[in-house]
Amino acid sequence: MSVAVCLLLYAAVVCVAAPRLLPYLTRGGSAPGAAVAVWLIVAASVLASWAAAAAALAVYVARTWNRPDPFALAACLAQVRSAATGHSGLAMQVGLLVPMVVLFAFVAVLASRVGRSLMTARAHSRRHAQSAWIIGRRVAGVDGLVVDAPEKMAYCVGGRPGTVVITSAAVAALQRPHLDAVLAHERAHLAGRHHVVLAVTRALADGLPRMRLFTVAQAEIARLLEMCADDTAARRHGTTALLSAILTLAGVNSVPSTALGAATVGVGLRVNRLTDPDTAARRLRARLLLAASAGVVVTAPLLVLWASASGFTACGPFAA
């Protein structure tokens, strides 16, 4: 039982601390790929802690259902609430069963919401890609589908295969090097499977809209993924061409929600980052700090489990 309590406390601490502390390490975009990985590790650690806590509580209830130990329960509650309230018999069994059912119901509802959101996003992406293939056309020298529209837009839609869509207005407004940079940006999204990452983080944010960890993670990851694609495009076509393309397309707000656009997320921060690139020392420092943060997040629950198994948790040697 102490394992479940400690894992839930760990998850609560991470949910409160991470959205306040991590943005200071990731906002500059010195190492956007590593920053995305850390955000995903933090979110996954919380989800895993909830699932592990539910499983640990189920195991404890199964082990003690026919032989309730009031002294173990009393010792644990005395540490957690400073008041021993152990009771044997039916009252104790119900007292253990209720939190287990609540925790399992929470995990199940969250999984259902996330699953429905992912399926909906996948269906929308597929329909949008099919529509683009119907109304779009191939243009020589343009690595994507050109759709006739007055808005200047370029974005990609995940699927099999992934589709890059660019409007005729954007093609007309962009010079050749700028157009190549935009297309490379969108192809980098597809190659990195960024639409999958974004779909998962959006589903979690939609499923738990009042938990800042997931809403902040979704916004930060969306911006960091744009920076990852910026770096790929800049390496291939130069920073100047990419900057000009972003500024030309900036201000577009009608990109589909399931798509990734080159000039729709964090434009100001991305422009500043491209005009004032990080030094090698700053990138190394950012990677070391992010690696340290990931190490703490990964090892903390493992230490909780090890301590519980060794009998040194807050609930003492009575813990199951």
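Trainee: What area does the chain expose, and what share of it do carbon and sulfur atoms supply?

Mentor: In this predicted model, the chain exposes about 15,800 Å² (Shrake-Rupley method, 1.4 Å probe), and carbon and sulfur atoms supply 64% of that area. Local features need pLDDT of at least 70 and side-chain atom pairs count only at pLDDT 80 or more, whereas totals for chains, interfaces and linings use all residues. Residues are numbered from 1 along each chain as its sequence is written, and side-chain values use heavy atoms, with hydrogens and water left out.

Trainee: Why is D230 called buried?

Mentor: Buried means under 20% relative accessible area, exposed over 50%, and partly exposed in between (1.4 Å probe, protein chains only). The relative accessible area of D230 is 0%, so D230 is buried. D230 belongs to helix α8 (residues 212-237). Leaving aside neighbours within four places in sequence, D230 is in contact (heavy atoms within 4.5 Å) with H185, L242, I246, R270 and L274. One of these partners, H185, is itself among the buried residues of α6.

Trainee: Why is R176, in helix α6, called partly exposed?

Mentor: Its relative accessible area is 42%; R176 is therefore partly exposed, because this value lies between the limits for buried and exposed. Not counting residues up to four places away in sequence, R176 touches G141 and V142. The C-alpha atoms of R176 and A241 are separated by 9.2 Å, although these residues are 65 apart along the chain.

Trainee: Why does the span of α6 agree with the expected value?

Mentor: Helix α6 (a DSSP run of H or I, at least four residues, numbered from the N terminus) covers residues 176-191. The expected span is 1.5 Å times one less than the number of residues; for the 16 residues of α6 this gives 22 Å. The end C-alpha atoms are 22 Å apart, so the two values agree. After α6 comes R193, with a positive phi near 55°.

Trainee: What makes up the lining of the largest pocket?

Mentor: The residues of this lining divide into twelve nonpolar, twelve polar and six charged. The pocket has a volume of about 780 Å³. Of its 30 lining residues, those closest to the centre are A121, R122, S125, G158 and H195. Helix α4 (90-135) and helix α7 (194-207) each supply at least two lining residues, and α4 gives the most, with twelve.

Note on methods
On a 1 Å grid over the protein atoms alone, a cavity is a set of points where a 1.4 Å probe fits but cannot get out, and a pocket is an open set with protein on both sides within 12 Å along at least five of seven lines; lining residues have an atom within 4 Å of a point. Grid points are joined across faces, edges and corners, and a volume is the space filled by probe spheres set on the points. Ala, Val, Leu, Ile, Met, Phe, Trp, Tyr, Cys and Pro count as nonpolar, Asp, Glu, Lys and Arg as charged, and the others, Gly among them, as polar.
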